[in-house]
Amino acid sequence: MPTTSAPAHSAPAQATTAVPAQAPTVPAHLLPNRTPAQLLVLARHGLTEAGNTRPDGLRYAAAHLSALRAAAAMLAARARPAPTRRNRVTSVWALLMMVAPEMAEWATFFAAGASKRAAAEAGIPRVVTAREADDLLRSAGQFVSLVEDTLGLAHQPALDPALDGLAAA
């Protein structure tokens with residue numbers, strides 16, 4: 001259950017899995033072109049990549065990207081496409097709040113780290129500390145697991161990590 005008093009540096013608590021009665025519409029051009037299962041496989045691979053990455057900024061960016069892919073899986077599963085004009089940039093986190101209001105606290109948490117991710121991807125040194133990168137990696141892992149559980153697509157790791165995801169490819 002999300003708490004509204006979570007400290008800014010900690011990840012939100014687990015959300016409930018309520019599904020909106022009527023799927024919200026999202027501009028069609030903003031919806032992902034992959035299935036929720038494909039996006040979650042990519043998110044899991046990103047978490048593994050982040051865990052094996054030494055530079056703090058790159059680890060932070062890879063973990064954040066994994067969370068973005070999990071959020072995109074929620075959009076792919078719950079949103080209905082609606083034709084609209086492409087005149088406004090909308091973040092995946094804002095769309096997640098519309099499509100999965102029970103994950104609004106997670107969306108706010110990850111949206112707050114988007115500028116750090118962009119700076120880290122740009123190669124700006126010392127944007128994040130090792131602790132921030134490790135904390136975000138843990139939070140992203142929790143979020144990916146929550147999305148998998150919410151969508152009924154629980155992750156089943158392969159016995160050989162090199163084979164993980166090959167069946168979905």
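The following dialogue asks how the descriptive terms applied to this predicted model are justified.

Trainee: How is the model to be read, and how many helices and strands does the chain have?

Mentor: Residues are numbered from 1 along each chain as its sequence is written, and side-chain values use heavy atoms, with hydrogens and water left out. This is a predicted model, in which local features need pLDDT of at least 70 and side-chain atom pairs count only at pLDDT 80 or more, while totals for chains, interfaces and linings use all residues. The chain has six helices and two strands, where helices (H or I, at least four residues) and strands (E, at least two) are DSSP runs numbered from the N terminus. Along the sequence these elements follow the pattern β-α-α-β-α-α-α-α.

Trainee: What is the average pLDDT of the chain, and which elements have the lowest and the highest mean?

Mentor: The average is 82, and 71% of the residues score at least 70; pLDDT is the predictor's confidence in each residue, from 0 to 100. Among the elements, strand 1 (residues 25-27) has the lowest mean, 67, and helix 4 the highest, 98. Over residues 1-9 the pLDDT stays under 50, and the model has 15 contacts for them beyond four places in sequence; contact means heavy atoms within 4.5 Å. Residues 14-20 are likewise below 50, with 21 contacts in the model beyond near neighbours in sequence.

Trainee: Why is helix 1 called roughly antiparallel to helix 2?

Mentor: The axes of helix 1 and helix 2 cross at roughly 170° and come within 8 Å. Axes are lines fitted to C-alpha atoms, for helices over the stretch in contact, and angles run from 0 to 180 degrees between N-to-C directions. Angles under 35 degrees count as roughly parallel, over 145 as roughly antiparallel, 65 to 115 as roughly perpendicular and the rest as oblique. The angle therefore makes helix 1 roughly antiparallel to helix 2. Helix 1 contributes residues including L39, L42 and A43 to this contact, and helix 2 residues including R69, A70 and A73. By class, the contact has 14 nonpolar, two polar and three charged residues; Ala, Val, Leu, Ile, Met, Phe, Trp, Tyr, Cys and Pro count as nonpolar, Asp, Glu, Lys and Arg as charged, and the others, Gly among them, as polar.

Trainee: What makes L42 partly exposed rather than buried?

Mentor: Buried means under 20% relative accessible area, exposed over 50%, and partly exposed in between (1.4 Å probe, protein chains only). L42 has a relative accessible area of 25%, and so counts as partly exposed. L42 lies in helix 1 (residues 36-51) and touches R34 and R69, not counting residues up to four places away in sequence. Its C-alpha atom is 8.6 Å from that of A70, 28 residues apart in sequence.

Trainee: Why is helix 2 called oblique to helix 3, but roughly parallel to helix 6?

Mentor: Helix 2 (residues 56-78) and helix 3 (residues 92-99) pack at about 40°, with their axes 10 Å apart. That angle makes helix 2 oblique to helix 3. The residues of this contact divide into eleven nonpolar, one polar and one charged. With helix 6, the axis of helix 2 crosses at roughly 15° and comes within 8 Å. Helix 2 is therefore roughly parallel to helix 6. That contact divides into 17 nonpolar, three polar and five charged residues.

Trainee: How do you know that T108 is partly exposed, and which residues of helix 4 are buried?

Mentor: T108 has 47% relative accessibility, and therefore counts as partly exposed. T108 is in helix 4, where E105, W106, A107, F109 and F110 are buried. Those buried residues pack against helix 2, helix 3, helix 5 (114-121) and helix 6 (130-151). The C-alpha atoms of T108 and M97, eleven residues apart along the chain, are separated by 8.5 Å. Across the chain, buried residues make up 40% of the 169 residues.

Trainee: What makes R126 exposed?

Mentor: R126 has a relative accessible area of 77%, and so it is exposed. R126 is found in the loop between helix 5 and helix 6, and has a positive phi of about 55° although it is not a glycine.
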